[in-house]
Amino acid sequence: DTMKALLGRLQIPMIKVAVLDRSFFGNKQHAARRLLNVLARAAMSWVDDGDRSARSLYGRIESAVSRILAEFSDDVGLFAVVYDEFSGVMEREARGAEVAEERVTQVTRGQEQLLVARRRVAQVLNDFRVAQPDMPPAVVNILREGWHDVMLLANLREGEESVAWKHSYAAVEELVWSVQPKVEPAERQRLLKAIPDLLKKLRDGLNNISFDHHRASQLFKELQACHIAALRGSDESIAASKDEDVVPEEVELPEEPASVSVEDEFLDRAKALDIGQWLKWRLDDDWMRGKLSWRSEVSDNCIFVNGKGMKVTEMTLSEIAVLFRDREASVLEDVNTPLMDRALDAMLGALKDTEATPKPA
């Protein structure tokens with residue numbers, strides 16, 4: 001309403017322009033129409049934060065309106081001058097907003113990639129724990145304290161199809177196998193040959209994540225005891241851990257956010273939102289506006305930014321659907337349609353309705 005009132009002050013100047021220049025209605029590139037459109041387009045993304053300073057969006061629009069009111073008499077060229085000045089400022093701010101928006105997107109995308117990678121690594125390690133419930137504490141500690149991050153780094157940097165990920169996964173398989181009792185002489189010989197290469201893989205991986213050397217020495221010393229027990233064909237290390245009442249902790253799986261979706265037309269509307277579309281929604285007693293900047297391909301998270309490219313809120317598709325369902329949100333469908341075009345279309349529609357109305361007998 002505040003912006004409507006501000007732009008409404010241009011009604012009289014616009015009427016003057018229409019009287020002076022009959023091309024006003026037919027020429028979409030008319031300077032006065034272009035100025036009104038760019039002012040309205042900027043106003044669509046405005047959220048009243050109380051800032052009325054000259055450098056605020058409200059202040060810049062007010063300055064343009066005030067100049068037209070103060071200086072326009074019969075020189076339509078003034079609209080072109082004000083348009084160029086205002087557009088120049090908006091273009092510079094738009095470039096800054098694009099940089100800010102891209103930064104928000106990168107940070108959010110990185111956070112999600114980290115969360116997905118953490119879940120994947122935790123799941124892999126827990127699967128090994130389930131398959132080998134009697135895994136010695138020394139092995140559990142190596143996996144939980146250090147190798148978890150080795151696999152996480154491989155996943156984040158190169159993905160699950162990479163050589164680095166496959167090597168880190170194979171190292172876990174080899175480590176788990178190495179501490180199992182070896183009864184047959186051939187198995188013992190195989191383990192003796194495999195231990196040096198396994199230890200090198202483990203050291204290289206831990207060094208790659210800058211793991212604490214002192215703690216690594218402790219872990220390898222504990223692992224050595226496990227290997228000696230395995231070569232003897234016994235499970236002494238496991239028995240000792242049970243006697244000491246040591247219960248290895250499971251790798252923690254990050255919790256996935258709970259989301260209850262109702263498949264209906266409102267969820268379909270939320271899914272149909274395109275990147276770049278503006279949404280208006282109620283927050284407490286205020287109405288907020290934001291542009292859909294990013295939507296996750298993994299989860300339902302959506303990031304909305306303001307006209308400056310700063311993050312306004314983060315919502316899931318289900319949460320957006322709830323707002324639609326409760327009539328607490330709406331899409332600004334005509335945000336990219338010039339104000340004058342909308343006004344003229346509305347006027348023509350009203351005239352057609354009037355002509356179509358039967359006259360009383």
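Angles under 35 degrees between helix axes count as roughly parallel. In this predicted model, the axes of helix α3 (residues 31-44) and helix α5 (residues 77-131) cross at roughly 30 degrees. α3 and α5 are therefore roughly parallel to each other. Their axes come within 8 Å, and α3 passes α5 in a left-handed crossing. On the α3 side, the contact is made by Ala31, Ala32, Arg34, Leu35, Val38, Leu39 and Ala42. On the α5 side, the residues in contact are Phe79, Ala80, Val82, Tyr83, Phe86, Ser87 and Met90.

**The chain as a whole**

The chain has 361 residues, of which 40% are buried. Its secondary structure consists of 13 helices and five strands. Of the contacts between residues at least 6 apart in sequence, 65% join residues at least 24 apart. The accessible surface is about 21300 Å², and carbon and sulfur atoms account for 50% of that area.

**The sheet**

The five strands form an open sheet in the order β4-β3-β2-β1-β5, with antiparallel pairing. β4 (311-316) and β5 (329-331) stand at the edges; each has a single partner strand, so one side of each is left without a neighbour in the sheet. From one strand to the next, the twist averages 35 degrees. Strands of a sheet pair through backbone hydrogen bonds, either parallel or antiparallel.

Three of the antiparallel pairings are listed below with their bridges.

| Strand pair | Bridges | Example of bridge partners |
|---|---|---|
| β1 (residues 278-283) and β2 (residues 286-295) | six | Leu279 and Gly290 |
| β2 and β3 (residues 301-305) | four | Arg295 and Cys302 |
| β3 and β4 | five | Phe304 and Thr313 |

Two of these pairs are also hairpins. Between β1 and β2 the hairpin has two residues, and Asp284 in the turn has a positive phi of about 60 degrees. Between β2 and β3 the hairpin connection consists of five residues.

Helix α12 (residues 317-325) packs on the sheet, where it touches β1, β2, β3, β4 and β5. The direction of α12 makes about 95 degrees with that of β4.

**Backbone angles in two loops**

Which residue in the loop between α8 (185-208) and α9 (213-231) has been singled out here? That residue is Ser210. Ser210 has a positive phi of about 60 degrees, although it is not a glycine. Most residues other than glycine have a negative phi. Ser210 is exposed, because its relative accessible area of 65% is over the 50% cut-off.

Arg327 is found in the loop between α12 and β5. Arg327 is not a glycine either, and its phi is positive at about 55 degrees. Is Arg327 buried or exposed? With a relative accessible area of 76%, Arg327 is exposed.

The loop that holds Arg327 thus links two elements already described: it follows α12 and leads to β5. α12 is the helix that packs on the sheet, and β5 is one of the strands at its edges.

Notes. Residues numbered from 1 in each chain as written. Predicted model: local features only at pLDDT ≥ 70, side-chain atom pairs only at ≥ 80, totals over all residues. Heavy atoms only, no water. Buried < 20%, exposed > 50% of the residue type's maximum accessible area, 1.4 Å probe, protein only. Contact = heavy atoms within 4.5 Å. Areas by Shrake-Rupley, 256 points an atom, 1.4 Å probe, with all protein chains shown as cover. Pairing = 2+ DSSP bridges. Axes fitted to C-alpha atoms, helices over the stretch in contact; angles between N-to-C directions. Parallel < 35°, antiparallel > 145°, perpendicular 65-115°, else oblique. Left-handed = near helix turned anticlockwise from the far one by under 90°.
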